[in-house]
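Got your viewer open? Let's take a walk through this model, one selection at a time.

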Amino acid sequence: RSSDLTNFEGSDSDFPLKKFAWILQKVKTVTARKKTRDNTVFIFQDGPVLEAVKNGHVLILENIDEPDAAVVERLNSLLESLLESEKSFHVHEDFVGSGESSSVVRVHKNFRIFATVRTKSSLSSVKLSPATRSRFTEIFCSPYGCADLESLAGKIIAENNQ
């Protein structure tokens, strides 16, 4: 940054030498970053979705209508596999380990998936494709009022005090 060049301590005669040292350090840093980037191998790592699928956990996708449609559509193969007798699906992003174009993930028998969408009423528009939407059972819940929240908080406090 240019502001870094003006913050050197010392006399004016020291400035060119310090400026050169600063530039040399920046060049070394950029070169080191480039070498690291050139030698880096990207390794696919399981995220929360695959961890839940493999280990039989419950997966809650909050506000599923907010991410980009392509991200949500990627879940369709997983959702479709839950309807089949052989519960498995392909992870196309993981192709390094097996040498194949994708890896097959077996869905644990206890795996469950829930998704939420925030709407103002049951008639509100939901930004999900018909394909994704058809793979879920829709349940509309009326919004909580202040009295509902106070009652719920009171119950939680009472349970914690026992």
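First, a term you'll need at every stop: a residue is buried under 20% relative accessible area, exposed over 50%, and partly exposed in between, using a 1.4 Å probe and protein chains only. Try it on glutamate 138, which is exposed because its relative accessible area is 52%.

Some ground rules. This is a predicted model, where local features need pLDDT of at least 70 and side-chain atom pairs count only at pLDDT 80 or more, while totals for chains, interfaces and linings use all residues. Residues are numbered from 1 along each chain as its sequence is written, and side-chain values use heavy atoms, with hydrogens and water left out.

**Stop one: salt bridges**

Keep glutamate 138 selected and add arginine 133. Their side chains meet in a salt bridge, 2.5 Å from N to O. (A salt bridge here is a side-chain nitrogen of Lys or Arg within 4 Å of a carboxyl oxygen of Asp or Glu.) Arginine 133 is partly exposed, at 29% relative accessible area.

How many salt bridges does a search of the whole structure find? It finds three.

For another, pick glutamate 80 and arginine 135, whose side chains meet at 2.7 Å, N to O. Glutamate 80 sits in helix H5 and arginine 135 in the loop between H6 and H7, so this pair ties together parts that are 55 residues apart in sequence. (Helices are DSSP runs of H or I with at least four residues, strands are runs of E with at least two, and both are numbered from the N terminus.) Glutamate 80 is partly exposed at 32%, and arginine 135 is partly exposed at 28%.

Now select glutamate 86 and arginine 106, which form a salt bridge of 3.1 Å, N to O. Glutamate 86 is in the loop between H5 and S2, and arginine 106 is in strand S3 (residues 103-106), so the pair ties together parts 20 residues apart in sequence. Glutamate 86 is partly exposed, with 46% relative accessible area, whereas arginine 106 is exposed, with 53%.

**Stop two: the core**

Time to head inside. Select Val53, Leu78, Phe89 and Phe111: these have the most contacts inside the largest nonpolar core, which has 18 residues. (A nonpolar core is a set of buried Ala, Val, Leu, Ile, Met, Phe, Trp, Tyr and Cys residues joined through side-chain atoms within 4.5 Å.) Colour helix H3 (48-55), S1, helix H5 (76-81) and strand S2 (88-91), since these are the elements that give two or more residues to this core. H3 supplies the largest share, three residues. In soluble globular proteins, nonpolar side chains tend to be buried together.

Zoom in on valine 53. Not counting residues up to four places away in sequence, valine 53 touches Leu78, Phe89, Val105, Arg106, Val107, His108 and Phe111. (Contact means heavy atoms within 4.5 Å.) You've met Arg106 already, as the partner of glutamate 86.

**Stop three: a buried threonine**

Go to threonine 132 in helix H6. Is threonine 132 buried or exposed? It is buried, because its relative accessible area is 0%. Leaving out residues up to four places away in sequence, threonine 132 touches Val72, Glu73, Asn76 and Leu79.

**Stop four: an unusual backbone angle**

Find asparagine 63, in the loop between strand S1 (58-61) and helix H4 (69-73). Its phi is near 55°, a positive value in a residue other than glycine. Most residues other than glycine have a negative phi. Asparagine 63 counts as buried, at 12% relative accessibility. Beyond its neighbours within four places in sequence, asparagine 63 is in contact with Thr116, Val117 and Arg118.

Hop across to valine 117, in the loop between strand S4 (112-115) and H6. Valine 117 is partly exposed, at 30%. Apart from neighbours within four places in sequence, valine 117 contacts Asn63, Ile64, Asp65, Val126 and Leu128. Try a C-alpha to C-alpha distance from valine 117 to leucine 128: they are 9.5 Å apart in space and eleven residues apart in sequence.

**Last stop: cysteines**

Finally, select cysteine 141 and cysteine 146. Cysteine 141 is exposed at 58% relative accessibility, and cysteine 146 is exposed at 63%. How many disulfides does a search of the whole structure find? It finds zero, where a disulfide is a pair of cysteine sulfur atoms within 2.5 Å.
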